[in-house]
Amino acid sequence: MSRLMASVSGVRGIWGEGMDPSAAMEFAARFGLFQKRGKIVVGRDSRVTGPVLHHAVVAGLTGVGCDVVDLGIVSTPTVLLAVEDSDAAGGIGITASHNPAQWNAMKFVDSNGLFLYPERAKAFLESASESIDWCGWNEVGSVHTDSRATDRHIAKILSIPYIDVQAIQKKRYKVVIDAVNGAGGLIVPRLLRKLNCEVIELNCQPTGHFAHEPEPLNKNLKQLEEAVREHGADIGFAVDPDVDRLAIVSEKGNAIGEEFTLLIASKYVLAKKPGPVATNLSSSMASEDIAAEFGVPVYRTKVGEINVGVTMIEKNAAIGGEGNGGVICPEVHTTRDAPAGIALVLSAMAEGEMEISGLTDEIPRYHFAKDKIEVDSGRLDLIMQKALAGFADHKIDRTDGIKVLGDKHWIHIRKSGTEPIIRVYVEAQTPEEASRLCKDTIQRLT
Ligand code: MG
């Protein structure tokens with residue numbers, strides 16, 4: 001049985017269990033038709049199944065008459081930027097992001113260099129039932145290689161108007177980068193060397209053989225922590241295989257937690273350029289504390305990167321992103337970009353004459369707890385109704401599921417998009433309070 005998962009964020013699956021060359025070719029052809037047979041930029045992360053799926057994607061696109069610009073192995077933000085900065089009709093990123101190595105996926109990019117807006121993604125998926133109108137034999141598309149996209153991406157980051165490149169260069173920071181053998185090894189060390197850092201490369205060969213679990217969570221960063229200590233480095237950075245999420249290890253050799261990446265970047269950017277902040281409903285409320293210091297609002301969006309990006313554009317946000325290490329710096333583009341996040345964090349250190357642990361200590365600290373309820377899919381809505389009734393006397397945000405807003409705590413209850421599961425996220429002032437609230441909520445709902 002095919003277990004390919006198609007959603008507004010793209011199409012993903014395990015190799016051989018839904019994701020295979022024929023599925024990739026078909027979705028690519030349909031996307032080419034959806035983008036009216038225009039020019040399509042294609043890039044991929046380093047996964048072992050990347051080359052074969054890349055060939056299939058190129059076959060699908062050229063077979064419906066699209067010309068293809070092939071970027072090779074690049075970060076996802078590099079694909080997005082290459083589309084935005086060109087006359088391409090769209091792009092396809094072949095990457096399963098932080099998923100394990102047997103997974104692969106396709107992410108679809110619109111002509112503006114952003115992922116398809118939810119309503120466009122829905123229309124695209126609906127077009128999957130139509131038959132493919134292959135082009136005439138003399139109309140097939142051609143393939144051009146663009147090997148400079150990463151250089152242009154780095155140049156754009158270095159031209160963020162408020163970062164002080166010289167201040168960073170003078171510090172000659174010693175930096176360890178763990179790219180988990182994903183696409184990050186081809187961009188992050190180059191960016192760091194441009195910033196005159198002494199670079200220690202860890203897992204920077206883009207082989208697709210991930211050296212550890214690829215999601216940059218604290219528990220997966222032991223090797224990076226050790227390397228930072230061993231080398232006496234100023235900071236360690238970890239990125240996921242497609243380089244849109246960034247996690248930090250302090251000079252003491254401790255992973256500080258993904259939530260802090262956006263918070264440190266936000267504080268630095270707002271001091272330079274005060275303006276609205278946008279982040280999703282499940283990211284830390286420390287964003288509100290930081291924004292209050294600068295007298296600017298925080299806009300909370302549905303979970304999903306594109307929702308943050310759309311709100312940032314609407315509200316002309318100065319900074320935004322997600323608590324999972326996804327920093328969006330609109331001076332580069334309105335999408336998560338780990339290399340841009342690295343430049344902001346190093347600039348914050350250099351200009352503030354601070355170590356990374358000092359910058360982290362300045363951020364208000366809250367604590368998360370999360371759990372899930374597994375139920376029959378028929379009961380999902382019933383439980384959501386129960387949650388709504390159970391918290392009727394609380395302030396509730398219904399932008400995405402049910403977010404119960406307390407005084408210095410919140411409880412976010414939402415249905416998973418892909419499984420019969422209800423997820424409960426809690427943030428509170430102490431770890432004990434967070435886990436108590438989480439437990440109580442689960443008990444109330446089951
Ligand atoms: Mg990713």
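## His54 and its contact with Asp70

In this predicted model, the side chains of His54 and Asp70 form a polar contact at 3.1 Å. His54 belongs to helix α2, which spans residues 50-63. With a relative accessible area of 12%, His54 falls under the 20% limit and therefore counts as buried.

Apart from residues up to four places away in sequence, His54 touches Val42, Arg44, Asp70 and Ile94. Asp70 thus appears both in this contact list and as the polar partner of the His54 side chain.

## Asn104 in strand β7

Asn104 sits in strand β7, residues 103-110. Its relative accessible area is 1%, so Asn104 is classed as buried. The side chain of Asn104 has a polar contact of 2.8 Å with the side chain of Thr49. The Asn104 side chain also reaches a backbone atom, the nitrogen of Thr95, at 3.5 Å.

When neighbours within four places in sequence are set aside, the residues in contact with Asn104 include Val11, Arg12, Gly13 and Met19. Also among them are Arg47, Thr49, Gly50 and Leu53, as well as Ile94, Thr95 and Ala96. Ile94 is likewise touched by His54.

## The magnesium site

The magnesium ion is coordinated by Ser97 through OG, and by Asp240, Asp242 and Asp244 through OD atoms. The coordination distances run from 2.0 to 2.1 Å. Along the sequence, the donor residues follow the spacing S-x142-D-x1-D-x1-D. Water is not among the atoms of the model, so the site may look incomplete.

Two of the donor residues can be described by their accessibility. Asp240 has 0% relative accessibility and is buried. Asp244, at 1%, is buried as well.

## Positive phi at Val243 and Asn196

Most residues other than glycine have a negative phi. Val243 is not a glycine, yet its phi is positive, at about 65°. Val243 is located in the loop that connects β11 (235-239) to β12 (246-249). In sequence, the loop between these strands also holds the donors Asp240, Asp242 and Asp244. Val243 is buried, with a relative accessible area of 0%.

Asn196 also has a positive phi, about 60°, without being a glycine. This residue lies in the loop between α7 (188-194) and β10 (198-202). Asn196 is partly exposed, at 31% relative accessibility.

## Ala238 in strand β11

Ala238 is part of strand β11 and is buried at 2% relative accessibility. Leaving out residues up to four places away in sequence, Ala238 touches Asp178, Pro216, Leu221, Leu224, Arg245, Leu246 and Ala247.

The C-alpha atom of Ala238 is separated by 34 Å from that of Arg398. These two residues are 160 positions apart along the chain.

## Nonpolar cores

The largest nonpolar core contains 64 residues. Leu192, Ile235, Phe237, Leu344 and Leu346 have the most contacts inside it. Helix α12, residues 338-352, provides the largest share of this core, with 10 residues. A second core of 27 residues is separate from it, and its members include Ala56, Val57, Cys66 and Met106.

Leu346 gives a view of the packing in the largest core. Excluding residues up to four places away in sequence, Leu346 touches Ile168, Tyr173, Leu192, Leu195, Cys197, Ile235 and Phe237. Leu192, Ile235 and Phe237 in this list are also among the residues with the most contacts inside the core.

## The chain as a whole

The secondary structure of the protein chain consists of 15 helices and 21 strands. The radius of gyration is 22 Å, close to the 22 Å from the globule rule for 446 residues, so the chain is as compact as a globular protein of that length. Along the principal axes, the C-alpha atoms fill a box of roughly 65 × 60 × 40 Å.

Of the 446 residues in the protein chain, 59% are buried. Among contacts with a separation of 6 or more, 70% are between residues 24 or more positions apart. The exposed surface of the chain is about 18,100 Å², and 49% of it is supplied by carbon and sulfur atoms.

How values were computed: Residues numbered from 1 in each chain as written. Predicted model: local features only at pLDDT ≥ 70, side-chain atom pairs only at ≥ 80, totals over all residues. Heavy atoms only, no water. Donors = N, O, S within 2.8 Å, 3.2 Å for Na, K, Ca; no water. Buried < 20%, exposed > 50% of the residue type's maximum accessible area, 1.4 Å probe, protein only. Core = buried A, V, L, I, M, F, W, Y, C linked by side-chain atoms within 4.5 Å. Helix = DSSP H or I, 4+ residues; strand = E, 2+ residues; numbered from the N terminus. Contact = heavy atoms within 4.5 Å. Rg over C-alpha atoms; globule rule 2.2 N^0.38 Å. Areas by Shrake-Rupley, 256 points an atom, 1.4 Å probe, with all protein chains shown as cover. Polar contact = N/O pair within 3.5 Å; in protein donor to acceptor, adjacent residues only side chain to side chain.
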